[in-house]
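Reader: I have a model open and want to learn how to read it. Where should we begin?

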Amino acid sequence: PDALAGTIARRVRAMESWGWPLAVESALATEQVQTIAAGWHHCLAVTRSGVVYGWGSLRGLGIGPPVSAGDFRRASPVAVEIEGLVAPVAAVAAGGCGNAGGHSIVCDAEGKVFCWGDNSYGQLGLGSTEATVWRPRLCEAVGGTPVANAACGGCHSLLLMQDGGVRATGDNSRGQLGVETNMRPSIPAVR
């Protein structure tokens, strides 16, 4: 009877969390969150003070490579250090597909774009297909044109420029970049 009661109690606790929103705790418990984004295997939150937090798959978090075998995720939010970021954060986006681990984009108050994570298809817009960018990097490929917003898909990204233009980068195998080519631009293409 005791074993059965323990099994039932464990199953009830597990069922209580299925499909019901759970509070994201730890570092965010004392912060006021301004905006959020959810990728394939990671999430981002930006606080009113301009700090970006991430949790989930290590690849999408921007906190550096694994330090040991099995070190592939963070279940609690950790602060992401973004050198050169000017608060407030204007936009945050998270994407990714399959086991790639995800990619992330943050736009700051000056319209600068910082990105990190999986870059297998050039979805970070850095001008390369370096497999993984472990720490936030300034995307200089937008040529100084300020960015207002960003969106991340599976293996592609979109940037909404402050002048109303749209740029797209990454996988275009299904025409998702809005350009008439099957190429995978690693520099944002103008749409």
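**Cysteines, salt bridges and strands**

Author: Start with one cysteine. C152 counts as buried, at 16% relative accessibility. Keep in mind that this is a predicted model.

Reader: Why does 16% put C152 in the buried class?

Author: Buried means under 20% relative accessible area. C152 has 16%, so C152 counts as buried.

Reader: And C43, buried or partly exposed?

Author: C43 is partly exposed, since its relative accessible area is 24%.

Reader: How do I read cysteines for disulfides?

Author: A disulfide is a covalent bond that joins the sulfur atoms of two cysteines. Now the case here. A search of the whole structure turns up zero disulfides.

Reader: Which cysteine sulfur is nearest to that of C152, and how far away is it?

Author: The sulfur of C115 is the nearest, 8.9 Å away. The cut-off for a disulfide is 2.5 Å between the sulfurs. C152 is therefore in no disulfide.

Reader: Next, charged side chains. How many salt bridges does the structure hold?

Author: Three. Look for a Lys or Arg nitrogen within 4 Å of an Asp or Glu carboxyl oxygen. Take K112 as an example. K112 meets D108 in a salt bridge, at 3.6 Å from N to O. K112 also forms a salt bridge with E110, where the closest N and O atoms are 3.3 Å apart.

Reader: Which residues are linked in a network of salt bridges?

Author: D108, E110 and K112.

Reader: How does burial look for D108 and K112, in terms of relative accessibility?

Author: D108 counts as buried, at 1% relative accessibility. K112 is partly exposed, with a relative accessible area of 24%. Read that salt bridge as one that joins a buried residue to a partly exposed one.

Reader: What does R137 form a salt bridge with?

Author: With E130. Their closest N and O atoms are 3.0 Å apart. Both ends fall in the middle class of accessibility. R137 is partly exposed at 35%, and E130 is partly exposed at 34%.

Reader: Now the fold. How do I read the secondary structure?

Author: Count the elements, then follow their order. The protein chain has one helix and twelve strands. Along the sequence, the helix comes ahead of the strands, in the pattern α-β-β-β-β-β-β-β-β-β-β-β-β.

Reader: In what order do strands form the open sheet?

Author: Four strands form it, in the order β5-β6-β7-β8, with antiparallel pairing. The edge strands are β5 (91-95) and β8 (132-138), each pairing on one side only. From one strand to the next, the twist averages 5°.

Reader: How many bridges pair β5 with β6?

Author: Five, in the antiparallel sense, with β6 spanning residues 103-107. For one residue pair, look at V92, whose bridge partner in β6 is V106.

Reader: Last, the whole chain. What share of its residues counts as buried?

Author: 40% of the 191 residues. The protein chain exposes about 10,100 Å², and carbon and sulfur atoms supply 54% of that area.

Reader: And what share of the contacts joins residues 24 or more positions apart?

Author: 43%, taken among contacts in the protein chain with a separation of 6 or more.

Terms used
Residues numbered from 1 in each chain as written. Predicted model: local features only at pLDDT ≥ 70, side-chain atom pairs only at ≥ 80, totals over all residues. Heavy atoms only, no water. Helix = DSSP H or I, 4+ residues; strand = E, 2+ residues; numbered from the N terminus. Buried < 20%, exposed > 50% of the residue type's maximum accessible area, 1.4 Å probe, protein only. Contact = heavy atoms within 4.5 Å. Areas by Shrake-Rupley, 256 points an atom, 1.4 Å probe, with all protein chains shown as cover. Pairing = 2+ DSSP bridges. Axes fitted to C-alpha atoms, helices over the stretch in contact; angles between N-to-C directions.
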